[in-house]
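Biologist: I'm new to this one. Can you pull it up and walk me through it?

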Amino acid sequence: MTQASKITVEATANAPLEKVWKAWNTPNDIMQWNTPDPSWHCPSSENDLRTGGKFKNRMEAKDGSFGFDFEGVYDKVELHKEITYIMADGRRATTLFTEQNGKTNIETMFDPETENDPEFQKQGWQAILDNFVKYVESIH
């Protein structure tokens, strides 16, 4: 796999687009779903959802052994359709939202980093996306 190859993760939520968009972008919601597994949590989230706006989500192991800020700047925000951002290390990610029959498909394509195996990265991003789907389907 070359460095230029993007990784794609995808899931469908049994929820309308407006609900999915709100849960994806609201800091109080982000703190509920933004983890790859139950041993992690997201204790803080800041989100200025606009082109040129910044976001920062704190991700930490619950046992305190490791943590990092996942942050970046929005390159493109198209309401209920697309969010593209550039991460702090210069990598780019795009998330597309499409609604069909009351369900919303979420697809994220991102540039892999070089430290971890691309398959490991895909599994981590997919786990977070799957956690998001469980969360958004559980809220009313």
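Modeller: Sure. Keep in mind that this is a predicted model. Let's begin with Glu137, which is found in helix H3.

Biologist: Is Glu137 buried, exposed or partly exposed?

Modeller: Glu137 has a relative accessible area of 38%. The band between buried and exposed runs from 20% to 50%, so Glu137 counts as partly exposed.

Biologist: What is Glu137 in contact with, leaving aside its neighbours within four places in sequence?

Modeller: Thr12, Ala13 and Asn14.

Biologist: How far apart are Glu137 and Ala13 in sequence and in space?

Modeller: They are 124 residues apart in sequence. In space, their C-alpha atoms are 6.7 Å apart.

Biologist: New topic. How much space lies in the largest pocket?

Modeller: About 1200 Å³. Its lining is made up of 40 residues.

Biologist: Which of those residues lie nearest the centre?

Modeller: Met59, Phe68, Phe70, Trp125 and Ile128. As for elements, those that give two or more residues to the lining are helices H1 (17-25), H2 (27-33) and H3 (118-138), plus strands E2 (40-47), E3 (54-61), E4 (67-78) and E5 (82-87).

Biologist: Which element gives the largest share of the lining?

Modeller: H3, with eight residues. That is the helix where Glu137 is found.

Biologist: And what is the lining like by class?

Modeller: There are 21 nonpolar residues, eleven polar ones and eight charged ones.

Biologist: Now the rings. How many aromatic pairs does the structure hold?

Modeller: It holds 15. Take Trp21 and Phe97: their ring centres are 5.1 Å apart and their planes are at 65°. Planes over 60 degrees apart count as edge-to-face, so this pair is edge-to-face.

Biologist: Where do those two residues sit in the chain?

Modeller: Trp21 is in helix H1 and Phe97 is in strand E6 (residues 92-100). They are 76 residues apart, so the pair links distant parts of the chain.

Biologist: Are they buried or exposed?

Modeller: Trp21 is buried, at 7% relative accessible area. Phe97 is buried too, at 3%.

Biologist: Got another pair for me?

Modeller: Tyr74 and Tyr85 are also edge-to-face, with 6.3 Å centre to centre and 85° between the planes. Tyr74 lies in strand E4 and Tyr85 in strand E5, so the pair ties together parts eleven residues apart in sequence. Tyr74 has a relative accessible area of 6% and is buried. Tyr85 counts as buried at 10%.

Biologist: Which residues form one aromatic cluster with Tyr74 and Tyr85?

Modeller: Phe55, Phe70, Phe110 and Trp125 join them in one cluster. Phe70 and Trp125 came up earlier, among the residues nearest the pocket centre.

Biologist: Let's switch to strands. In what sense do E5 and E6 pair?

Modeller: They pair in the antiparallel sense, over five bridges. Ile83, for one, has Thr95 in E6 as its bridge partner.

Biologist: What is in the hairpin of E5 and E6?

Modeller: Four residues lie between the strands. In that hairpin, Gly90 takes a positive phi near 95°.

Biologist: How many bridges join E6 to E7?

Modeller: Eight, and the two strands run antiparallel. E7 covers residues 103-110. The bridge partner of Leu96 in E7 is Glu107.

Biologist: Which residue takes a positive phi in the hairpin of E6 and E7?

Modeller: Asn101, with a phi near 55°. That hairpin has two residues between the strands.

Notes:
Residues are numbered from 1 along each chain as its sequence is written. This is a predicted model: local features need pLDDT of at least 70, side-chain atom pairs count only at pLDDT 80 or more; totals for chains, interfaces and linings use all residues. Side-chain values use heavy atoms; hydrogens and water are left out. On a 1 Å grid over the protein atoms alone, a cavity is a set of points where a 1.4 Å probe fits but cannot get out, and a pocket is an open set with protein on both sides within 12 Å along at least five of seven lines; lining residues have an atom within 4 Å of a point. Grid points are joined across faces, edges and corners, and a volume is the space filled by probe spheres set on the points. Ala, Val, Leu, Ile, Met, Phe, Trp, Tyr, Cys and Pro count as nonpolar, Asp, Glu, Lys and Arg as charged, and the others, Gly among them, as polar. Rings of Phe, Tyr and Trp (its six-membered ring) pair if their centres lie within 6.5 Å; planes under 30 degrees apart count as stacked, over 60 as edge-to-face and the rest as tilted. Buried means under 20% relative accessible area, exposed over 50%, partly exposed in between (1.4 Å probe, protein chains only). Two strands pair if DSSP finds at least two bridges between them. Contact means heavy atoms within 4.5 Å.
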